[in-house]
Amino acid sequence: MKWPAFAYERASTLQDVWRLRAEHGEGARLVAGGQTLLATLAFRLSEPSVLVDITRIEALRGVTVQGSTLRIGALTRHAELGRDPLVARHAPLLAEAVPYIAHPAIRNRGTIGGSLAYADPAAELPACVVALDATLVLASPAGERRVAAREFFTGLLETALKPDELIAAVEVPAATPASRSAIVEVARRSGDYAMAGLAASLSLGADGRVSAPRLVYFGVGNGPVLAAGASAALEGKALDAGAIAAAQAALARDIDPPSDLHGPPEMKRHLARVLTARALSRFLPAAEAAS
Amino acid sequence: MSTRHDITLTVNGERVTRLVEARRHLIDFLRLDLGLTGSHAGCEHGVCGACTVRVDGEIVRGCLVLAASLDGAEVTTIEGLSDSGEVADLQDAFVARNAAQCGFCTPGMVMAAADILRHHPDATRAEIREHLSGNYCRCTGYQAIVDAVESTLTARKEGVR
C-alpha cells in the first residue's frame, strides 16, 4: 500500500539531525538508503511523523585507513563496499558478503549503517562486523562513543543505540597476512535472507595453528550469534578435519535456533554444521595451496 | 514541518521542477506527476523489480526512493533508455526470443539487463540469472529473458572482434 503521510527533512550536518530530533521527538525517524524503512512503511508497520534524510551528511561518508584501522562511514552503500579497494584489501569479508545482500538495485541504495541499525538476525553485515571484532562509532549531541560490535546487537531487531544516537562509522581492525575470513550461507532463492549463514574470521600462523577464531552465525537466533564453544574448539589447533569436526560438535551448545517458516531448529543446526565445514575447509592447507 | 517539497532534477535529460509530497515515491512521481508510465508500480515494497530505474547512473527500486530526496539527481527511465538507443539490440533480442509475454515486468527487466550489458559484459548464464534475481516475471519462466540477455552479450562481443 502507499506510504502513510509524513513530513520530510533533509539534514546537511549532524547538528541538523540533533535539532530535528529535538523538535520532533520520537516521531522522527532517520532515513539513509531506505531499503528497509521505506518497505516497512508500505506495510504501515510504523508511522513516523517526519523522515530525516541523513544521506547528505559528509561526516558519515567515506572509507579511510587510519593506522591499522579501516574506518567505514555509515552511509557507505553495499555496492560501494563491494567495489572499494580499501575494503577489499583490509576487510575482504565485507566485500565477500555484498553479493549475498538482496539484489543489485537494492545494493545501490542500502547502507552499512542502516543494515547494522536495523539488526535483522538473518542479515549478513551484522554477523560480519561481529566476526571481524569491529567497533561501532555512535554519535550523539554529547559526542561520540565506541561500542564493540559484539555488544551492539542486544536482541531481536534491538541494538545498543540510544534514542539520541546514530551510527557514524564502523571501525574494523585491518586484516594481516595471517587473517582468514569467509562468509557462506544457505538461502532458498538468490537475494533472500539466509535460512542460516556463517561469517568466519581467524588467524592462521606460519605453523598452521589457528588463533583468535570468531565463528558468527546468522539466521539462527535473535541476532548474530558468536559461537563461543565452536570458536574455542579451534583456538591453538592445527586446522585439519579433526579440528573442523570438533568445532561442529561444540556448535550444538552455541546455538539454539528457533523454529521459523524455513523449518524446525534441527534443520538449522544441520545447516550450521554444514556451513562450518564449508567455511573452514577453505583454509585447509590443501585448499589454500590450490587457490 | 514541511510535507511538500520543491525538487529540481533531470529526468531523461530534461530538467524538471515540481512540488512533491513527502510521501511520494519515485515511481508515482514519474507516472503520475510526469506522465512517464513506462516504469511500473508492482508490489510497491521493493520485492518485484518492476519499478527499476536509474538514479545517478545506477539502477534502484523506484518504489523505495523518496521523490523529495532527489533534488539535483539524474533519473533515467525505460523511456529515456529506449530513446537513447543504448539497448536497441537487447530490445530486439527480447522480441526475437519472445522474452516478454504480458509485458508488466519488461521495463524493469530491461533496465536490470542493461546494467549487465554495461557492468558485466562477460557475465555467464548463471551470473545473468543472479543479476536478474530481483526482477520477477510471472509469465515466461525466465528462460527466454536469460536467452535474450545472453545472446545480446554474445553479439556485442562478436561485434567488437
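# Helix 11 of chain A and other local features

The residues that bury one side of helix 11 of chain A come in part from strand 13 (210–218), strand 14 (225–226), helix 10 (228–234) and helix 12 of chain A, all of which are among the elements covering its buried residues. The model is a predicted one.

Helix 11 of chain A spans residues 241–254 and has 14 residues. From its first C-alpha to its last it reaches 20 Å, close to the 20 Å expected at 1.5 Å a residue. Its buried residues are Ala243(A), Ile244(A), Ala247(A), Ala250(A), Leu251(A) and Asp254(A). They cover an arc of only 130 degrees around the axis, so they sit on the same side of helix 11 of chain A. Ala241(A) and Arg253(A), on the other side of this helix, are exposed. At the start of helix 11 of chain A there is a contact to the backbone: a side-chain oxygen of Asp240(A) comes to within 3.1 Å of the backbone nitrogen of Gly242(A).

Helix 12 of chain A, which is among the elements covering helix 11, runs over residues 265–281 and contains Lys268(A). Lys268(A) has a relative accessibility of 1% and therefore counts as buried, the cut-off being under 20%. Two polar partners of its side chain can be given. The side chain of Asp260(A) makes a polar contact of 2.5 Å with that of Lys268(A). The backbone oxygen of Met195(A) is 3.0 Å from a polar atom of the Lys268(A) side chain. With residues up to four places away in sequence left out, Lys268(A) touches Met195(A), Gly219(A), Val220(A), Pro257(A), Pro258(A), Asp260(A) and His262(A).

Helix 8 of chain A covers residues 124–131, and 8 of its 8 residues are buried, so this helix is largely enclosed by the rest of the structure. The buried residues are Glu124(A), Leu125(A), Pro126(A), Ala127(A), Cys128(A), Val129(A), Val130(A) and Ala131(A). Asp133(A) follows helix 8 of chain A and has a positive phi, near 55 degrees.

Chain A also holds an open sheet of 5 strands in the order 4-5-10-6-7, with antiparallel pairing. Strand 4 (63–66) and strand 7 (143–148) of chain A are its edge strands, each pairing on one side only. From one strand to the next the twist averages 25 degrees. Strands of a sheet are held in pairs by backbone hydrogen bonds, in either a parallel or an antiparallel sense. Within this chain, strand 6 (residues 135–140) and strand 10 (residues 166–173) run antiparallel and are joined by 5 bridges. Leu136(A) stands opposite Val170(A), a residue of strand 10 of chain A. Helix 1 (residues 14–24) of chain A lies across strand 6 and strand 10 of chain A, and runs at about 135 degrees to strand 10.

In chain B, strand 1 and strand 2 pair in the antiparallel sense over 8 bridges. Ile7(B) has Arg18(B) in strand 2 of chain B as its bridge partner. The hairpin formed by these two strands has 2 residues between the strands, and Asn12(B) takes a positive phi there.

Val11(B) belongs to strand 1 (residues 4–11) of chain B. With a relative accessibility of 4%, Val11(B) counts as buried. Leaving aside neighbours within four places in sequence, its contacts are Val16(B), Leu30(B), Leu34(B), Leu36(B), Val75(B) and Thr77(B). Val11(B) is 126 residues from Cys137(B) in sequence, and the C-alpha atoms of the two are 26 Å apart.

Asn12(B) and Tyr142(B) are residues other than glycine with positive phi. The table sets out their values.

| Residue | Phi | Loop | Relative accessibility |
|---|---|---|---|
| Asn12(B) | near 50 degrees | between strand 1 and strand 2 (14–21) of chain B | 26%, partly exposed |
| Tyr142(B) | about 75 degrees | between helix 5 (125–131) and helix 6 (143–160) of chain B | 23%, partly exposed |

Terms used:
Residues numbered from 1 in each chain as written. Chains lettered and ligands numbered in written order. Predicted model: local features only at pLDDT ≥ 70, side-chain atom pairs only at ≥ 80, totals over all residues. Heavy atoms only, no water. Helix = DSSP H or I, 4+ residues; strand = E, 2+ residues; numbered from the N terminus. Buried < 20%, exposed > 50% of the residue type's maximum accessible area, 1.4 Å probe, protein only. Polar contact = N/O pair within 3.5 Å; in protein donor to acceptor, adjacent residues only side chain to side chain. Contact = heavy atoms within 4.5 Å. Pairing = 2+ DSSP bridges. Axes fitted to C-alpha atoms, helices over the stretch in contact; angles between N-to-C directions. Expected span 1.5 Å × (residues − 1). Arc of directions from axis to C-beta.
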